[in-house]
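Notebook open, coffee ready. Today I want to look at how two parts of one chain meet.

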Amino acid sequence: MSTEPPAGSTTLAPAVQLSGITKRFPGVVANSDVDITVRAGTVHALVGENGAGKSTLMKILYGMQPPDEGTIAIDGVPTAFASPADAIRAGIGMVHQHFMLADNLTVLENVVLGSEPRKGLGLDFTAARARIREISDAYGLDIEPDRLVDDLGVGERQRVEILKVLYRGARILILDEPTAVLVPQEVDELFGNLRELKAEGLTILFISHKLDEVLSVADDITVIRRGTTVASVSPADVTARKLAELMVGSALPVPELRESTVTATEVLTVTGLTVTSADGRPVLDDISFTIHAGEVLGIAGVEGNGQAELVEALMGIRTPNAGTITLAGRDITRDSTRHRREAGMGYIPEDRHRQGVLLEATLWENRVLGHQTRPPNVRGPLLDRRGAKADTERIVAEYDVRTPSIDVNAAALSGGNQQKLIVGREMSGDPVVLIASHPTRGVDVGAQAAIWDHIRRARADRLAVLLISADLDELIGMSDTLAVILRGRLVAEHDPATVTPEQLGSAMTGAGREEG
Amino acid sequence: MRRTRGVRLAAGLLALGLGLAGCGSKNNDSGSSGGTTTAGSAAAANLKIGLAYDIGGRGDQSFNDSAARGLDKAKSEFGFEVKELEAAAGETEAQKEDRLRQLVEGGYNPVIAVGFAYAESVGKVAGDTPDVQFAIIDDATDGVDVGKNIANLTFAENEGSYLVGAAAALKSKTGNVGFVGGVNTPLIQKFEVGFTMGVKAVKADATVQVKYLTQPPDYTGFNDPAKGETAAKGMFDAGADIVYAAAGGSGNGVFKAAKANTKLGIGVDSDQYNQPALADVKDVIITSMIKKVDVAVYDFISSVKNGKFVAGQKVYDLKAGGVDYATSGGKIDDIKAKLDDYKQKIISGEIKVPEKK
Amino acid sequence: MRSLTPRSVLLGLIAPVGALVFAAAVSAVILLATGHDPFDTVDAMATAAQRPRTLVNSLNTATSYYLSAVAVAIGFRMKLFNIGVDGQYRFAALLAAGLAGAAFMDSLPSFVRVALTILAAMLVGAAWAGLAALLKVTRGVSEVISTIMLNAIATYLVSYLNSPERLAVSTAGSNNIGTPKITEGGRVPGFEIEGSSSKVFGLVFLAVLVGFLYWFVLSRTRFGFELKATGLSESAAVASGVSVKKMVIVSMLLSGAVAGLVGMPELLGSSYSYSLNFPVGVGFIGIAVALLGRNHPIGMAIAALLWGFLFNTANSLDTAGVPREIVDIMQGVIVLSVVVAYELVRRYRVRAEQRAVGHALGRTKTAEEVTA
């Protein structure tokens, strides 16, 4: 955690100054009275929970949406952006979380796309190539202009994106959750690049909710909560926990399990599970584990190391290439998703909008989803609308889903309330095993505590749980057993009673392998 | 005026609602409510002529247009009031029948239906309105559209096609000719049968390439010059040097291909050498198989005018001058004697041209 | 389906009614621009609406349109685009007509003959649509492409089979060609309507029955739920245990079976033969009707009646000297504007509901929750 003093920031006007920014959407306020000052030549982190209003704020700064109130000043000059083109002209560049590159073009072609260098009627690729090399060398980006983007790795693609905005003359870079797609080594490389950019006098606005990363790379931190700025701190003055509390606005609920409820009954046994991707690379490599009744098995790992594939293979959404899955003594490797669900597998998906809810269906229809073969939702081939609605009312009450009615569409609910509905649904019908992928991601603190509580109670009722989470505190606090997944393999097992987040973190990046 | 319309609209909407719900109404449009019909025996000074076209209607560059010419001629000569209605794609019998009934209800008599598609509806409506005289072109089916107030005007396209087939064989240097049919229906097959027979009569070992542009119910083959051009080009590439275009408006494409490949073509329905729309390519058109729908329509109208309506089938064959080959452009002057010889033999019955394969 | 409140009914009606008004206005402008009096059109339509024959024909036309729309809508519910209803119904009608007109059928009781004919049509339609489903689940071929191509293949097959050596009979003096006429016992009698020379098809009730079954299956059964879920989010449906491949096959088969019915009212109620005069293009009209009726059983019925009426006013317009093409223009504008209007209303609805929920819960939501 090195925080160098910001270079040459003594007398300069702030690179970006947002004052009193307010943005209303019909019926809601996305940002209210936001003040942020970004010193030139620094890395400034903007942190906040999912849905706190970070993205809206950045869209305003990048000219994608006009603010209703407030002012933007760039290098001390008040400005108004009508479109991203204006922002680009003012020297602002945006690196999106999802890359906007054409795979079948070269780096050079991607970079010049939209601002092609003209010479007479033709295109002047020679000059552009030279300029790209120059930028790449100046900031240590290590990009070869004539390579096909298709051949590049994720980290390289991100550097191409950065190069693209630098090519257009950006002096202020906005990076939206840049590390979400990177493996740890790539994260380190990215941070190296950011420091070089900073050293060259560029200003970086870094959006994240990963606190450790923020603490390691940022010079200043602004915390945003419920659409407004709640604190501006220096990384030297705060801990990750303090920052988290600022983000959620209250003392954090503590995930913990009281006494062990682990029994000897094996519920879910996985042996030698292997999944290969379409290009023949193993994404899951010989995974084996057992979860007993009343046990929570936590899986730690950097995102993209095979967690999604593991969950989908367990649920029967993805066909494994090898290995067996046994549920309560019965081999279910070849069973359909429906059979697995009927056999008592509950599923809280990682991406609730993709796999968890039907946004344009009512809450009670969402209650039926995944349980459409079981009472109280159906009688034979017919839907039992009354039964489903009554049970939805029960879930809404028990799980504190904030909604005026069960007849509204799921899209009308906030993410946290959607998640509570999903948890309530998946806990219905007496599941024997629950596959919970990031069960508390993006939900507010109250809901988080409630969800933990429900998992704890179900565990006491002999539920077996596979818990995947990016929140190490949650993992350590809620698991009876902890395993680490790295590049598709289970590489280490830890005792949650003794392990620290730091140890777990290093195991996740592969650094701790010698010890494990 | 506006007000009464508003009232009628309201009444109409009301009736629509009632009608769809219960279909009860006081109107009576069945039976012989035609009203102003004239007796079939006396000469009429003034007629209201109703004409229902097949799909494509006036302006199709094909046989609807030919019927329109006959109507126009009668109209300008006799000064009769005419009403022309047109069929739409996707129709059932009900819409065709409704079209004829609307003409009858509008007091039009006689009523002319252009095309075999009207066979059933003419039969039905004529049966219900015995005072109205009907003509139908291209159909005479016993038990369907034959009756004492229906004139069935049919053509011996096979005979005319025989002659242009003979002309093609006489003019061909390669002994290889082509037939492009618009749509593969029995009617167009009649052209093909006659043409092939005519070719073989001259040169028994000649090759006849046959291609239909579309299959029913896709009738675009009658009006797709691009398809005609492609088909003809393929035939020329395969050795043909003369192609007979029995394909309505698609014939333009055939002639275009002929011109581009310095080959020859034969027209259909009218004397296409003289059609203004084909002026660019007319020098490749050596002859045309003329089907005189206009004559049939005109004859029919004047027969009604003169009180000489004759029910039943009237075959426009070579003998009656209903079909013929064209000589405009003078490209077949050298073989005219031979063609006329064939013509005489067909008229005398020495040569019999079948209608079907 | 949500509960009916005055507000939801109003929101449901505003799009189609608005689109109709807009289409009428556009048509009026076009008529004026081409030198016609729009009031003549109104007049002609009003006249048509008072003629029982036109109303009966409209209802009969609507019957086919409705069946076609239901066939399309079954696929639409799960975002499956069966563009092949046209080929399916024509092929089904030909083979069913061939069966119904066959001599051996004469000895069977009338009910059995009609039932067999209808069953055959459904089977043929289902089989033809099933080919597209098979291609989709085994080879990943888009059903849009395959059904369009199957339409073309059906055209050739029908043309090949509809010839004297095969299913058709040729009659002396006729230039038409078609299957032998179905004899009296194989027909479905219609209803005489006073003042109309056309009868109302007996199979109008088949369309009503199909509409009811469509509603029941989609909103009251597990299958209908899974169909809807798959349409709303395939990934969520998969995670809930729906086998999308199975859904593709079942819904395509059902869609094809209903498509097979499209030609039955005309075949058994009026033409009694599949000939060159058999109506074409009804499968494509069904797409427009389904779109206009929002896949709703009642909505599609209203849309089918409207389409049927507009189609059957064409002769009256022609008689009144109004270009009949105005009907096509009107239909085109209605479809286009209704699509836009539905989307606008949908967005408004989503936002209004979020606002209502936010209001009811008394909290401020973040933009991400709104835009998500």
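My entries on the domains and one interface follow.

Ground rules: this is a predicted model, where local features need pLDDT of at least 70, side-chain atom pairs count only at pLDDT 80 or more, and totals for chains, interfaces and linings use all residues. Residues are numbered from 1 along each chain as its sequence is written, chains are lettered from A and ligands numbered from 1 in the order in which they are written, and side-chain values use heavy atoms, with hydrogens and water left out.

Entry 1, domains. I looked up how chain A is split and got domain 1 (16-248), domain 2 (253-344 + 432-516) and domain 3 (350-429). These bounds come from an automatic or database domain assignment.

Entry 2, domains 2 and 3 of chain A. Their centres, taken over C-alpha atoms, are 24 Å apart. For the contact (heavy atoms within 4.5 Å), I noted 20 residues from domain 2 and 17 residues from domain 3.

Entry 3, buried area. I found about 1,500 Å² buried between domains 2 and 3 of chain A, 54% of it on carbon and sulfur atoms. That is the accessible area (1.4 Å probe) that two parts lose on being put together, summed over both. R341(A), E342(A) and H454(A) supply 33% of what domain 2 buries here, more than any other three residues.

Entry 4, charges. How many salt bridges are there between domain 2 and domain 3 of chain A? I got two, a salt bridge being a side-chain nitrogen of Lys or Arg within 4 Å of a carboxyl oxygen of Asp or Glu. I also looked up the salt bridge between R354(A) and E312(A), at 3.4 Å from N to O.
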